[in-house]
Number of protein chains: 2
Amino acid sequence: MSPTAFRFARRTSRLTPSMIRELMKLMGRPGLVSLGGGLPSADGFPAEALREVSQRVLAQSPREALQYATTEGLPALREWVAQRLRQRGLAVPATQVLITSGSQQGLDLVAKLLLEKGAKVAVESPTYLGALQAFAPYEADAVEVACDEAGPRPESLHEVAGARALYLLPNFQNPTGRCIPAARRRQIADQARRLGLPLIEDDPYGDLWFDRAPPPPVAAQWPEGTVYLGSFSKILAPGLRLGYAIAPAPVYDLLVQAKQAADLHSGTLAQHLVVDLLRTGMLDAHLDEVRTRYRLGRDAMAQALHTHMHDLATWQVPEGGMFFWLTLPPQIDAATLLPPAIEQGVSFVPGIAFFAGSPMHHSLRLSFVTEPAERIVQGVAALAQVVRRAMATFREAPGRPKLP
Amino acid sequence: MSPTAFRFARRTSRLTPSMIRELMKLMGRPGLVSLGGGLPSADGFPAEALREVSQRVLAQSPREALQYATTEGLPALREWVAQRLRQRGLAVPATQVLITSGSQQGLDLVAKLLLEKGAKVAVESPTYLGALQAFAPYEADAVEVACDEAGPRPESLHEVAGARALYLLPNFQNPTGRCIPAARRRQIADQARRLGLPLIEDDPYGDLWFDRAPPPPVAAQWPEGTVYLGSFSKILAPGLRLGYAIAPAPVYDLLVQAKQAADLHSGTLAQHLVVDLLRTGMLDAHLDEVRTRYRLGRDAMAQALHTHMHDLATWQVPEGGMFFWLTLPPQIDAATLLPPAIEQGVSFVPGIAFFAGSPMHHSLRLSFVTEPAERIVQGVAALAQVVRRAMATFREAPGRPKLP
């Protein structure tokens, strides 16, 4: 009997490797300027503080920090999350905070509760690839809600009424960098409540603002109808694999049971390290540093794009987060540019990775947080060359491409 | 609109809180002798070694240890696992090792691939509660395979042919403590291969032997038909949340994709700590210590049971692992003894928690690894009192209960 002894569940036909994580393998190529993956700058990790904290935790409370723990998470960490969210306008008790293994696990667990064959889940267009991947094995169909530059259009929500949830990334969205304004947040929440359309609000980037903090979470407008997901990956370090989910009571209890079945609980040592680290009060100064660093990256990329690509693409300059979203002339298929770009020493992610339905082939995502400013400039210049070359082949054909 | 905006997937009706993890909340009661949960002794955690290693890792390679990582896991850790398994008789390349967030996640992921509504999954009777919980949301029906004191009966496997897999815990099983002998392993693998019945082999306790190492894994007999799950929870510390899954190629690729969707990857820092720790060569001496400690617990419990319960229950003395499995007279429902036992200052887990089908109400599980020897004795004595009192109520009724 061969491996064919295995018969797979129908849902496995929905599993696909992430284009981005496959790209990450290419990105090991020495010298490549990585504008592709969304790796936070390792320069911004609080390594020294974590080293000190790990000394303390493993000397003072190793028995707790290395043991099994409750599924919900460390009470002190849940309390910290609740307080932090209260400061940001979302009043939530610590008893509704579930510590997760990164916010990706939050997506998986909420999908496990809400999605199934025959159901729909509404998403922005474009949206975070990792969410599409987390939703896929639960066999619901992802449907796109119409969006404009301010986010999902409230008047279009009725077209996805009946979906099990609308998945939103309101702050400095991955991939577009777009931040939903306060008024639009209210409209979306009002309309969703009216339609009985629950929200999944994913907020890994909310602390990464450059000029001013984003408006309060959409969840603040409709806490009983929203599952809110957060993460320590972008404000401390992704390698700790810690995030959190906030949910109204009936959803919360099921989330806890689903998490228990999935991995019992998140890393105890990591949770102890983070609680201890946050207690030192380092976060605000640390976030200032990270914001300064990322703002420099954003500025470098904005300048480089202006210099090298003003005639090749359009974009909005993001006010936070990690990404620029470029729209190329519609004749260009960004995916076909990737091999020559890597040849030229620069990586990016083709926009098609981020669409549930009708993909914009002529779009791409650039990250400005992985590389230092001078390499960002170098990468954008290399990318511009690749796009310009592709454009030239069109110019040789009749009919000049127009900027979008 | 209230929380009723949420409509849940059908699978949520299968979610249940773990009796054990609910019990763990009671176990916070001060002074309670915990013979219930399966918490490894915190005295056995390599805390000091981890403290040193965390210094080194966070000083020397913080950029890698705190960053996102590949879904498969750290190459050095995967290589270590492969070498270790080769020593134990399972020849496997590192490319078939997936690092998971504890072996509980391995159970969740393999269930996600294999199980679905209308399918069956075969399990031992009794079996590990956490596996039943991991399988439940995927809506397959768990069916029991007939077992004797050596494990699943090969001649009974045909009764569960057609199941998507047979889940086995061959080494010092949770809850029975039973170790499947080498000959039985071969018979099971042969019969499973013949029937085209894939195996899920769960081995968290294989290193916790007291007298001699257990036979090679069942997977060694049929690697193309077996997914093998292992864990660092019992040999180092559960709070690190690290385990691994070994699978033949087509299953492996899907496992990786399912893990990517579920949590991207397991804790990078935890993986670096473990690799660095294992490289010091500390494991063999450390395991000797853990085995010595657990053997003392086993001996204390065996002696206490002999002294206090020889006329109240039957059991096999386990040759490794963490648990005794007690069979009480059939009139006794162990679950009803739990409240008076906690009143008396001792906890245990009623046997019914571990059955997929027909529960043995008159069984219970005792752990000998959480408490020191003198408290084990005290706990068993208290439990004996509770059982004796329950027996007395039967004696007052006509017809004396008989030992099983």
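A crossing of two helices is left-handed if the near helix is turned anticlockwise from the far one by less than a right angle, and right-handed if it is turned clockwise. Keep that in mind for the tour, and remember that what you have open is a predicted model.

**Stop 1: two helices in chain A**

Start by selecting residues 102-114 of chain A, which make up helix H5, together with residues 249-263 of chain A, which make up helix H8. The axes of these two helices come within 9 Å and cross at roughly 115 degrees. Angles from 65 to 115 degrees count as roughly perpendicular, so H5(A) is roughly perpendicular to H8(A). Which hand does the crossing of H5(A) and H8(A) have? Turn the view until one helix lies in front of the other: the crossing is right-handed.

Now show the side chains where they meet. On H5(A), pick Leu109(A), Val110(A), Lys112(A) and Leu113(A). On H8(A), the contact is made by Val251(A), Leu254(A), Leu255(A), Ala258(A), Lys259(A) and Ala262(A). If you colour this contact by class, you will find eight nonpolar residues, two charged ones and no polar ones.

**Stop 2: another helix pair in chain A**

Next, select residues 75-87 of chain A for helix H4 and residues 268-279 of chain A for helix H9. Their axes are 9 Å apart, and the helices pack at an angle of about 50 degrees. H4(A) and H9(A) are therefore oblique to each other. Here the crossing is left-handed.

The residues to display are Ala76(A), Leu77(A) and Trp80(A) from H4(A), and Gln271(A), Val274(A), Val275(A) and Leu278(A) from H9(A). This contact divides into six nonpolar residues, one polar residue and no charged ones.

**Stop 3: a covered strand**

Move to strand S10 of chain A, residues 243-246. Are its residues buried or exposed? Gly243(A) and Ala245(A) on one side, and Tyr244(A) and Ile246(A) on the other, are all buried, and both faces of the strand are covered.

To see what S10(A) pairs with, add strand S2, residues 97-100 of chain A, which runs antiparallel to S10(A) and is joined to it by four bridges. Then add strand S9, residues 226-231 of chain A, which also pairs with S10(A) in the antiparallel sense over four bridges. Zoom in on Ile246(A): it is the bridge partner of Val97(A), and Tyr228(A) stands opposite Ile246(A) too.

**Stop 4: an open sheet**

Still in chain A, look for an open sheet of three strands in the order S11-S14-S13, with antiparallel pairing. Its edge strands are S11 (323-327) and S13 (349-350) of chain A, each pairing on one side only. Select S14(A), residues 363-367, to see how S11(A) pairs with it in the antiparallel sense over five bridges. A good pair to label is Leu326(A), which stands opposite Leu364(A) in S14(A).

Chain B has an open sheet to visit as well, where three strands lie in the order S11-S14-S13 and pair antiparallel. There, S11(B) pairs with S14(B), residues 363-367, over five bridges. Label Phe324(B), which stands opposite Leu366(B) in S14(B).

**Stop 5: a buried leucine in chain B**

Stay in chain B and click on Leu109(B), which sits in helix H5, residues 102-114 of that chain. Why does Leu109(B) count as buried? Because there are 30 C-beta neighbours inside 10 Å of it, and the cut-off for a buried residue is 20 or more.

Beyond its neighbours within four places in sequence, Leu109(B) is in contact with Thr100(B), Ala245(B), Leu255(B), Ala258(B), Lys259(B) and Ala262(B). You can also draw a distance from its C-alpha atom to that of Phe135(B): the two residues are 26 apart along the chain, and the atoms are separated by 9.4 Å.

**Stop 6: where the chains meet**

Finally, show both chains together. How many residues does each chain bring to the contact? Chain A gives 76 residues and chain B gives 76 residues. On the side of chain A that touches chain B, H2 (47-60), H3 (62-65), H5, H6 (129-135), H8 and H9 each supply at least two residues. H8(A) gives the most, with 10 residues. By class, this side of chain A has 41 nonpolar, 21 polar and 14 charged residues.

For a last close-up, select H8(A) with H5(B), whose axes come within 5 Å and cross at roughly 100 degrees. That makes H8(A) roughly perpendicular to H5(B). Display Ala261(A), Ala262(A) and Asp263(A) against Gly102(B), Gln104(B), Gln105(B) and Asp108(B). This contact has two nonpolar, three polar and two charged residues.

Note on methods
Residues are numbered from 1 along each chain as its sequence is written. Chains are lettered from A and ligands numbered from 1 in the order in which they are written. This is a predicted model: local features need pLDDT of at least 70, side-chain atom pairs count only at pLDDT 80 or more; totals for chains, interfaces and linings use all residues. Axes are lines fitted to C-alpha atoms, for helices over the stretch in contact, and angles run from 0 to 180 degrees between N-to-C directions. Angles under 35 degrees count as roughly parallel, over 145 as roughly antiparallel, 65 to 115 as roughly perpendicular and the rest as oblique. Two residues are in contact if their C-beta atoms, placed from the backbone, lie within 7 Å. Ala, Val, Leu, Ile, Met, Phe, Trp, Tyr, Cys and Pro count as nonpolar, Asp, Glu, Lys and Arg as charged, and the others, Gly among them, as polar. Two strands pair if DSSP finds at least two bridges between them. A residue is buried if 20 or more other C-beta atoms lie within 10 Å of its own, exposed if 12 or fewer, and partly exposed in between; C-beta atoms are placed from the backbone.
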